[in-house]
Amino acid sequence: MNLFAYDFMVRALIGVTLTGLIAPAIGIYLVQRRLSLIGDGLGHVALTGVGVGLLFHQQPVLTAVIVAALGAVAIELVRERGRTSGDVALAILFYGGISGGVALVSMSDHAGSANLVSYLFGSPLTASNQDLYVTAALAAGVLAGTLVLRPWLFAVCHDEEYARVSGVPVRALNLALAIAAAVTVTAAMRTVGLLLVSALMVIPVATAQRVSRGFTATMVGAMVLGVLASSGGLWASWQLDSAPGATIVLVAIAGFVIVSVAAGVRARIRRPSGAPAPAEPPEVVLSG
């Protein structure tokens, strides 16, 4: 049976492919700054935006973008001024965001566990043409921003103090990165879900780091792996009759395990007998 003979499967494939493309593109900057969990916090805040949209009968994706962007800006300003630790700010986003979202959704005319789960864990098979248009527009904006600003974003993520001394507009770039992360989270809301998109921001990047060293090579490799995990996970979910969002993440994790094992075996084979084991590759990509 050709699963792509159905229109809803074609829409689902396009949606998850866009998500798999942009999530690692923004995730590589978050990983380099050791802010890998920021996607989770923004996902919780975006749920409040979804609740606002449902409560006032507005487009949930658009209200989620606005609320998540405001949350991203707030946490970036708090981090920059050092009034509280990043961990505390993230915790506030986690608990306040998801609590507000659940409360608002329960007050709306669209209350129901199935409706809430579709936003939390994704529902690409039910995405409409309008959902796809919005996702494509958001994805295009994020991808263009990450590619155009790549040299400056890399400089800020690699050494923020040096970038500031060199005259790079650090604050503006940090805010742009935070907003791009918020947009990425909401763009992935209908495909992998608000609670799972952070995995696609981090896992493909971590996988690419196992086999590449340069920043550009890692970024391109992570984007390719993100697309493969998304499309492969969608196909696997069709075959297994499982949740698409969760299956996509599991496929990404499986890819990381396979690549890590293969890289370890290759290193053992290429290492001369009795030679010391090489150091683990750095968590952060350091070369441009």
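**Exercise 1. Trp238 and its ring partners**

Task: Classify Trp238 as buried, partly exposed or exposed, and work out which rings form a cluster with Trp238.

Solution.

Step 1. Apply the accessibility classes: buried is under 20% relative accessible area, exposed is over 50%, and partly exposed lies in between (1.4 Å probe, protein chains only). Trp238 has 27% relative accessibility, so Trp238 counts as partly exposed.

Step 2. Note the kind of model. This is a predicted model, in which local features need pLDDT of at least 70 and side-chain atom pairs count only at pLDDT 80 or more, while totals for chains, interfaces and linings use all residues. Residues are numbered from 1 along each chain as its sequence is written, and side-chain values use heavy atoms, with hydrogens and water left out.

Step 3. Set the ring rule. Rings of Phe, Tyr and Trp (its six-membered ring) pair if their centres lie within 6.5 Å; planes under 30 degrees apart are stacked, over 60 edge-to-face, and the rest tilted. The whole structure holds five aromatic pairs by this search.

Step 4. Take Tyr6 and Phe8. Their ring centres are 5.5 Å apart and their planes stand at 35°, so the pair is tilted. Tyr6 is partly exposed at 35%. Phe8 is partly exposed at 28%.

Step 5. Take Phe8 and Trp238. Here the centres are 6.4 Å apart and the planes stand at 40°, so this pair is tilted. It links distant parts of the chain: Phe8 is in helix 1 (residues 7-32), Trp238 is in helix 11, and 230 residues separate them. Helices (H or I, at least four residues) are DSSP runs, numbered from the N terminus.

Step 6. Join the pairs. Tyr6, Phe8 and Trp238 form a cluster through ring pairs.

**Exercise 2. Salt bridges in helix 8**

Task: Find which residues share a salt-bridge network with Arg164.

Solution.

Step 1. Use the cut-off: a side-chain nitrogen of Lys or Arg within 4 Å of a carboxyl oxygen of Asp or Glu. The count comes to four salt bridges.

Step 2. Check Glu160. Its side chain meets that of Arg164 at 3.3 Å, N to O. The two are four residues apart in helix 8 (residues 160-165), so about one helical turn separates them. Glu160 is buried because its relative accessibility is 18%. Arg164 has 37%, so Arg164 is partly exposed.

Step 3. Check Glu161. Glu161 and Arg164 also form a salt bridge, at 3.3 Å, N to O. Being three residues apart in helix 8, they are separated by about one helical turn. Glu161 is exposed, at 51% relative accessibility.

Step 4. Join the shared partners. Arg33, Glu160, Glu161 and Arg164 make one network.

**Exercise 3. The contacts of Arg190**

Task: Which acidic residue does Arg190 meet in a salt bridge, and over the face of which ring does Arg190 lie?

Solution.

Step 1. Find the acid. Asp131 and Arg190 meet in a salt bridge at 3.5 Å, N to O. The pair links distant parts of the chain: Asp131 is in helix 6 (residues 129-148), Arg190 is in the loop between helix 9 and helix 10 (197-209), and they are 59 residues apart.

Step 2. Check burial. Asp131 and Arg190 are both buried.

Step 3. Find the ring. Arg190 lies over the face of Tyr119, 5.6 Å from the ring centre. The rule asks for NZ of Lys or CZ of Arg within 6 Å of the ring centre and within 35 degrees of the ring normal.

**Exercise 4. Positive phi in two loops**

Task: Where are His57 and Asp241 placed?

Solution.

Step 1. His57 is in the loop between helix 2 (38-55) and helix 3 (60-81). Its phi is near 60°, a positive value in a residue other than glycine. His57 is exposed, at 53%.

Step 2. Asp241 is in the loop between helix 11 (215-240) and helix 12 (244-270). Its phi is near 55°, again positive in a residue other than glycine. Asp241 is exposed, at 72%.

**Exercise 5. The nonpolar core**

Task: Which residues have the most contacts inside the largest nonpolar core?

Solution.

Step 1. Define the core: buried Ala, Val, Leu, Ile, Met, Phe, Trp, Tyr and Cys residues joined through side-chain atoms within 4.5 Å.

Step 2. Read the result. The largest core has 72 residues, and Tyr29 and Val50 have the most contacts inside it. Helix 1 gives the largest share, eleven residues.
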